[in-house]
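Student: Please take a close look at the salt bridges and tell me how their partners are placed along the chain and how open each partner is to solvent. I would rather have one connected account than a list, with the cut-offs given as they come up.

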Amino acid sequence: MKKLLSFLLVPVCLLLCAVGCGKNDEKLEDGKFYTVTEAYEKGYLTREQVMSIAYYHNGGRSHNEEIMSEDYQPLLKTPEKLSKVTEASLRQTYIDHRWKEEDLKANEELAGEKLQVTIFEYNGTYGDCIAVKMTDNFTGYTCALWTEQVGDINIQYSDGNGMLIWIKTEETRA
C-alpha cells in the first residue's frame with residue numbers, strides 16, 4: 001500500500017510544483033514608448049506624476065522652483081529598482097521601437113558587435129507607466145541644452161536623448 005501511495009504521490013507533487021512555479025514566472029510584456037508630453041496629454045500621467053519625474057530627473061527642484069515649494073516631496077519610486085524582466089521588456093520595446101531589422105543587421109556588421117541597450121536612468125513607475133532614459137551602443141547624441149515643458153513643469157536635458165515613458169499595451173495590462 002505504501003509503495004502504491006508513494007508511486008501516486010510523486011507525480012502529483014511534481015505536477016503541483018510545476019504549476020505553482022509557473023505562476024511565479026514573469027514573462028516579457030509588450031509596451032509602447034511615449035514622450036513625457038505625449039503620455040501627459042493622453043492622460044496616462046497626472047501632473048503630480050510629471051512633477052515627480054521632473055524632480056528625479058532634474059536632481060531636485062531645479063528649473064521648477066516656482067511650482068515646487070522648498071519642502072516638496074516627490075512620489076516615491078515604487079519599485080525602487082526595476083526587475084530584470086521589466087528591464088528586458090523595456091529593452092525589447094526599445095529595439096522594436098528604434099531599430100528596423102535590416103538597419104540593425106547593417107550596424108552590427110559594420111561595428112562588428114551586437115546591439116547593447118542600456119537603461120541609464122529610472123525615474124519611477126506610475127501605474128502602467130515607467131519613466132526611463134535609455135540608449136544603445138549604435139546611437140550618438142549631440143550636446144544640446146533643451147527643455148521639455150509639460151504644462152508648467154520643466155524637464156531639463158543636456159543632450160538630444162529625452163525621457164521615455166513606457167506603457168504596457170492594452171493587451172498586456174492586468
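Tutor: With a relative accessibility of 17%, Lys-168 counts as buried (buried is under 20% relative accessible area, exposed over 50%, partly exposed in between; 1.4 Å probe, protein chains only). This is a predicted model, in which local features need pLDDT of at least 70 and side-chain atom pairs count only at pLDDT 80 or more, while totals for chains, interfaces and linings use all residues. Residues are numbered from 1 along each chain as its sequence is written, and side-chain values use heavy atoms, with hydrogens and water left out.

The partner to consider beside this buried lysine is Asp-128, which forms a salt bridge with Lys-168, the closest N and O atoms being 3.7 Å apart (a salt bridge is a side-chain nitrogen of Lys or Arg within 4 Å of a carboxyl oxygen of Asp or Glu). This contact links distant parts of the chain, since Asp-128 belongs to the loop between strand 2 (117-126) and strand 3 (129-136), whereas Lys-168 belongs to strand 6 (residues 164-168), 40 residues apart (helices, H or I with at least four residues, and strands, E with at least two, are DSSP runs numbered from the N terminus). While Lys-168 is buried, Asp-128 has a relative accessible area of 27% and is therefore partly exposed. Nor does the pair stand alone, for salt bridges that share partners join Glu-29, Asp-128 and Lys-168 into one network.

The structure holds 6 salt bridges, and another of them can be followed within a single element. The side chains of Glu-87 and Arg-91 meet at 3.7 Å, N to O, and both residues lie in helix 4, 4 residues apart, which is about one turn of the helix. Here the acidic partner is the buried one, because Glu-87 has a relative accessible area of 15%, whereas Arg-91, at 27%, is partly exposed.

A further bridge brings together the side chains of Lys-114 and Glu-108, with a distance of 3.9 Å from N to O. In this pair the lysine is exposed, with a relative accessible area of 60%, but its partner Glu-108 is buried, at 18%. Set beside the earlier bridge, where Lys-168 is buried and Asp-128 is partly exposed, this pair has its buried side chain on the acid.

It is worth following the chain back from helix 4 as well, since the loop between helix 3 (47-58) and helix 4 (84-98) contains Pro-79. A cis peptide bond joins Thr-78 to that proline, with omega at about 5 degrees. His-63 also has its place in the loop between helix 3 and helix 4, and its phi is near 75 degrees, a positive value in a residue other than glycine. Because its relative accessible area is 37%, His-63 is partly exposed. When you inspect the model, then, the loop with its cis bond at Thr-78 and Pro-79 can be viewed together with the helix that carries the bridge between Glu-87 and Arg-91.
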